[in-house]
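Visitor: I've got a new model open and I'd like to learn how to read it. Could you walk me through it, one feature at a time?

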Amino acid sequence: MRIRVPGDKSLSQRALILSALGRGTSRLKGLLCSGDTESTLRALRGLGIRTPNIPRDGSEVFIQGVGLDGLKTPDDALDLGNSGTGARLLLGVLAGSNLSATIDGDASLRMRPMARVTKPLELMGARFQPLGRVGRLPVTVHGSSKLKPLEWSSPVASGQIKSSLLFAGLTGRAHTVLTEPLESRDHTERMFNAVGAAVTGRETDAGWRVEMPHPPDEIGPLDFTVPGDISSAAFVLTLVALGGAGTEVTIQSVGLNRTRTAFLDVLSRMGVDIEVHDRTPEGSIEPVGDLVVRPGGLLATSVGAFETPFLIDELPLVAVLGACAEGETRISGAQELRVKESDRILTVTENLRALGVAVEELDDGLIVQGVPGRKLSGRVSAFGDHRIAMSFSVLAKATGGSIAVADARVSDVSFPGFDQLIQKLTEQV
Ligand code: S3P
């Protein structure tokens, strides 16, 4: 069977924001239409951007940018819903804009740490006034379009922190240097380079160093086709790997950025047969290709700190696969999982235990004792977290037992049509 998955969430978020800041009309195709991207679009509208709705079928949309100084003071707080990326990237954009605005989010987003971006943004000259707990949303940003240069070492490898600071450097016209312990996803760097804001990245003794030396006064419009989200494809790959979707599935036009593909390496190590067919068009900002997956006898594996930034969102799936693999699967160096839409170390551990799987919770990961071929049954929760909902829905569909996932509808945050697609794939078995 040949299928597609919805557009990449990280890329859609960045493309929407960058298009709003460009001079001229951006053309975006394949945008993800989901809870998170709609939250970002709503916030951009609050800042005076006039844009059409995101089409559900991925057809092209045109966004009229207002330039780096064109955002308007919003009338109300900007509600970013569940979207950590939307909130953190916009904190950066607003830090470098001559206006004041309040950013807020849902109960989950209000729990997530924001000081990791507001601290360096304060050093650049922006001011933040917390309206609730310090270091959390809601917060009012008082920005300035003349920020100070920044040289910052981030203690965590995070695409959101890096992007927030680069967006601040862009709108606030500030020389921006960031070093992160390991390279995180590089989508912002690629997109900035495509619109005329030169950003470099290189390995140093201190970690991965990213620099935007000369932020331009204006950026051009973006012309971009968003590939399918490899983090959404990962659910399908897992379903096939667990034997729940026949002998072969092809997922077409998936983003294959090397900073996102470590899950494919993990699947190969576990014995899953994956073929990658590069179909990147000439001049494309991001690599794209097709994935062909066939099930194999699952073997346990280890995922350590050096890999985690390149598959951070797929780690719940590694644990789910580990439960059905031969041997002990170990995930470590993944403390960041504790500050996602839920504490994913805890929520994965609790759910696997509820199904009778032996799991040891570590500070920075977990160890899962796999039992191949065992029927798993029990009641698990989504904990309001889209990726936890989908990881356990896949496990429920693929294993012969009876697993009930409470509150599974939250998948709309990143993967509209998830249930229907999984249904279609399982029906062919
Ligand atoms: C994202 C980066 C990652 C990831 C999130 C999206 C991004 O978060 O988990 O789903 O778009 O930059 P961190 O930067 O917090 O690791």
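Guide: Happy to. Keep in mind that this is a predicted model. Let's start with one glycine: Gly271 sits in the loop that links helix 9 to strand 14.

Visitor: What phi does Gly271 take, just after helix 9?

Guide: A positive one, about 105°.

Visitor: And is Gly271 buried, partly exposed or exposed?

Guide: Its relative accessibility is 33%, so Gly271 counts as partly exposed.

Visitor: Which residues does Gly271 touch, leaving out those up to four places away in sequence?

Guide: Two other glycines, Gly296 and Gly297. Along the chain, Gly271 and Gly297 are 26 residues apart, yet 6.0 Å separates their C-alpha atoms.

Visitor: Let's step back into helix 9. Which of its residues are buried?

Guide: Helix 9 covers residues 262-269, and its buried residues are Ala262, Phe263, Leu264, Val266 and Leu267.

Visitor: What do those buried residues of helix 9 pack against?

Guide: Two helices and three strands: helix 8 (230-241) and helix 10, plus strand 14 (273-278), strand 15 (288-294) and strand 16.

Visitor: I'm also curious about a charged residue, Glu307. Where is Glu307 found?

Guide: In the loop between strand 16 (302-303) and helix 10 (315-323).

Visitor: Why does Glu307 count as buried?

Guide: The cut-off for buried is under 20% relative accessible area. Glu307 counts as buried because its relative accessibility is 7%.

Visitor: Which residues is Glu307 in contact with, once neighbours within four places in sequence are set aside?

Guide: Ala262, Asp265, Val266, Arg269 and Ser302. Two of those should ring a bell, since Ala262 and Val266 are among the buried residues of helix 9.

Visitor: Now a residue in a strand, please. Where does Arg330 sit, and what does it touch?

Guide: Arg330 belongs to strand 17, residues 327-331. Not counting residues up to four places away in sequence, Arg330 touches Thr301, Ser302, Val303, Leu362, Leu366 and Ile367. Ser302 is also a contact of Glu307.

Visitor: Is Arg330 buried, partly exposed or exposed?

Guide: Partly exposed, with 36% relative accessible area. For a sense of scale, the C-alpha atoms of Arg330 and His142 are 44 Å apart, with their positions 188 residues apart along the chain.

Visitor: How should I think about strand pairing?

Guide: In a sheet, strands pair through backbone hydrogen bonds, in either a parallel or an antiparallel way. Here, take the open sheet of 4 strands: the order is 4-5-7-6, and the pairing is mixed. Its edge strands are strand 4 (78-79) and strand 6 (127-130), each of which pairs on one side only.

Visitor: Which way do strand 4 and strand 5 pair?

Guide: Strand 4 and strand 5 are parallel, over 2 bridges. Look for Asp79, which stands opposite Asp104 in strand 5. Strand 5 (residues 100-104) has 4 of its 5 residues buried, so it is largely enclosed by the rest of the structure.

Visitor: And how many bridges join strand 6 to strand 7?

Guide: 4 bridges, with strand 6 and strand 7 (residues 139-142) running antiparallel. Across that pair, Gln129 stands opposite Thr140.

Visitor: Where could I look at a hairpin?

Guide: Go to strand 10 and strand 11, which form one with 2 residues between them. Strand 10 (residues 200-204) pairs with strand 11 in the antiparallel sense over 5 bridges, and Thr204 stands opposite Gly207. Strand 11 also pairs with strand 9 (residues 176-180), again antiparallel and over 5 bridges. There, Val177 stands opposite Glu211.

Visitor: Why is strand 11 described as largely enclosed?

Guide: Because 6 of the 6 residues in strand 11 (residues 207-212) are buried.

Visitor: Last topic: helix packing. How do helix 1 and helix 3 cross?

Guide: The axes of helix 1 (residues 9-21) and helix 3 (residues 84-95) come within 10 Å and cross at roughly 25°. Angles under 35 degrees count as roughly parallel, and helix 1 and helix 3 are therefore roughly parallel to each other. The crossing is right-handed.

Visitor: Which residues meet there?

Guide: From helix 1, Gln13, Arg14, Ile17 and Leu21; from helix 3, Thr85, Gly86, Leu89, Leu90 and Val93. By class, that contact has 5 nonpolar, 3 polar and 1 charged residues.

Key: Residues numbered from 1 in each chain as written. Predicted model: local features only at pLDDT ≥ 70, side-chain atom pairs only at ≥ 80, totals over all residues. Heavy atoms only, no water. Axes fitted to C-alpha atoms, helices over the stretch in contact; angles between N-to-C directions. Parallel < 35°, antiparallel > 145°, perpendicular 65-115°, else oblique. Left-handed = near helix turned anticlockwise from the far one by under 90°. Contact = heavy atoms within 4.5 Å. Nonpolar A, V, L, I, M, F, W, Y, C, P; charged D, E, K, R; others polar. Buried < 20%, exposed > 50% of the residue type's maximum accessible area, 1.4 Å probe, protein only. Pairing = 2+ DSSP bridges.
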